[in-house]
Amino acid sequence: KITPACHQTCRSDLDLALESNPSDHPRASTIFLSKSQTDVREKRKSNHINHVSPGQLTKKYSSCSTIFIDDSTVSQPNLRSTIKCVTLAIFYHIKNRDSDRSLDIFDEKSHPLTREEVPDDYYKHDPDHKHIYRFVRTLFSAAQLTAECAIVTLVYLERLLTYAEIDICPSNWKRIVLGAILLASKVWDDQAVWNVDYCQILKDITVEDMNEMERHFLELLQFNINVPASVYAKYYFDLRSLADDNNLSFLLEPLSKERAQKLEAISRLCEDKYKDLSKAAMRRSFSADNLVGIRRSNAILS
């Protein structure tokens, strides 16, 4: 028999689990940023000991005559920079993993992506960042996917690792990343890429294998493919923090006259909307004052 107290405890545990999952809750810290901190601290310590300031000579700074801005925003991220950051996050997931928990559906030995023979020691060698970047960039370029899709791919990847209680490691990283990209492109992009299209990119994989992997991925996510705007924004800004920590600067360009005029127009539009909302709020407050005045009016007895 479940008592009200037990029911309340179960609900509290469920709420706590959701709040601790970064792919579901905006206040939970992203896993990739946490995993990168060990390496970041070591780099900073080494730079401090050796009196090195990486990136200072190449970094651009705004001045009175020139303002530098990048073209990446939370609503329109830069594709190349975003893919670099997402693949760096995947790199840290693999490098600083807790163990090698996996599932057969994602194992590259059991389900190879190419006809080339998978080495017996394939599970021992961590891929470097460039290797992961080339794999993801090839898929995004061939399928013409967007930067937003890359961010959602990372959300789905961390959701899978949390829900299925597995690790991304040398033996499974390609298939996990491929499954996350496949799902993100279908859910997020307006023009979905079909499984057969990925078979044209990865020539040796079959449609049946892609379908089976997609089905398992969805089941492991408990069919939770929703990505709230607040979660998406958190991942975007944490990826920018990851870029800063690793000297992966977003491409900066001088602010042009045309861009400045466009930003000014957007700012003016937002200001006008704010004024309209303020006027509407004032009208509502006046009507409330009138109600208060009526309630305080003197009664007339006859």
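This passage walks through the charged side chains of the structure and two unusual backbone angles. The model is a predicted one, and the residue numbers used here count from 1 along the chain as its sequence is written.

Salt bridges make a good starting point. Side chains of opposite charge can pair when their charged atoms come close. In this model the count comes to eleven salt bridges. One of them joins K95 to D39, with the closest N and O atoms 2.7 Å apart. K95 belongs to helix α3 and D39 to helix α2 (residues 31-50), so this pair ties together parts of the chain that are 56 residues apart in sequence. The two partners differ in how much of their surface is open: K95 is partly exposed, because its relative accessible area is 39%, whereas D39 is buried, because its relative accessible area is 13%.

A further salt bridge forms between the side chains of D167 and R101, at 2.9 Å from N to O. This pair, too, links distant parts of the chain: D167 sits in the loop between α5 and α6, R101 sits in the loop between α3 and α4, and 66 residues separate them. With a relative accessible area of 6%, D167 is buried, while R101, at 40%, is partly exposed.

The loop between α3 and α4 also holds both members of another pair. Here the side chains of K109 and D120 meet in a salt bridge of 3.3 Å, N to O, and the two residues are eleven residues apart. K109 counts as partly exposed at 36% relative accessibility, and D120 counts as exposed at 63%. Salt bridges can also join up into a network, as they do for R97, D100 and D126.

K234, in helix α9, presents another situation. This lysine is buried yet has no salt bridge. The nearest side chain of opposite charge belongs to D238 and is 6.2 Å away, and a salt bridge requires the nitrogen and oxygen atoms to lie within 4 Å. What does the side chain of K234 reach at 2.6 Å? The partner is the backbone oxygen of P22.

Positive charge also gathers on the surface. R80, K130, R134 and R137 together form a positive surface patch. Helix α4 (residues 129-143) gives the most to this patch, with three residues. R80, for its part, is found in helix α3 (residues 79-95). Is R80 buried or exposed? At 54% relative accessibility, R80 counts as exposed, because the cut-off for that class is over 50%.

Finally, two residues stand out for their backbone angles. Most residues other than glycine have a negative phi. E165, however, has a positive phi, near 55°, although the residue is not glycine. Q222 likewise has a positive phi near 55° and is a residue other than glycine. Where in the chain is each one placed? E165 is in the loop between α5 (147-164) and α6 (173-188), and Q222 is in the loop between α8 (207-220) and α9 (229-245). E165 is exposed, with a relative accessible area of 55%, and Q222 counts as exposed at 56% relative accessibility.

Methods. This is a predicted model: local features need pLDDT of at least 70, side-chain atom pairs count only at pLDDT 80 or more; totals for chains, interfaces and linings use all residues. Side-chain values use heavy atoms; hydrogens and water are left out. Patches are made of residues with over 30% relative accessible area and no salt bridge: like charges are joined within 9 Å, nonpolar side chains (Val, Leu, Ile, Met, Phe, Trp, Tyr) within 5 Å. Accessible areas come from the Shrake-Rupley method with a 1.4 Å probe; for residues, only the protein chains shown count as cover. Lys and Arg count as positive and Asp and Glu as negative; His and the chain ends are not counted. The place of a charge is taken as NZ of Lys, CZ of Arg, CG of Asp or CD of Glu. Helices (H or I, at least four residues) and strands (E, at least two) are DSSP runs, numbered from the N terminus. Buried means under 20% relative accessible area, exposed over 50%, partly exposed in between (1.4 Å probe, protein chains only). A polar contact is a pair of N or O atoms within 3.5 Å; within protein, one must be able to donate a hydrogen and the other to accept it, and residues adjacent in sequence count only if both atoms are side-chain atoms.
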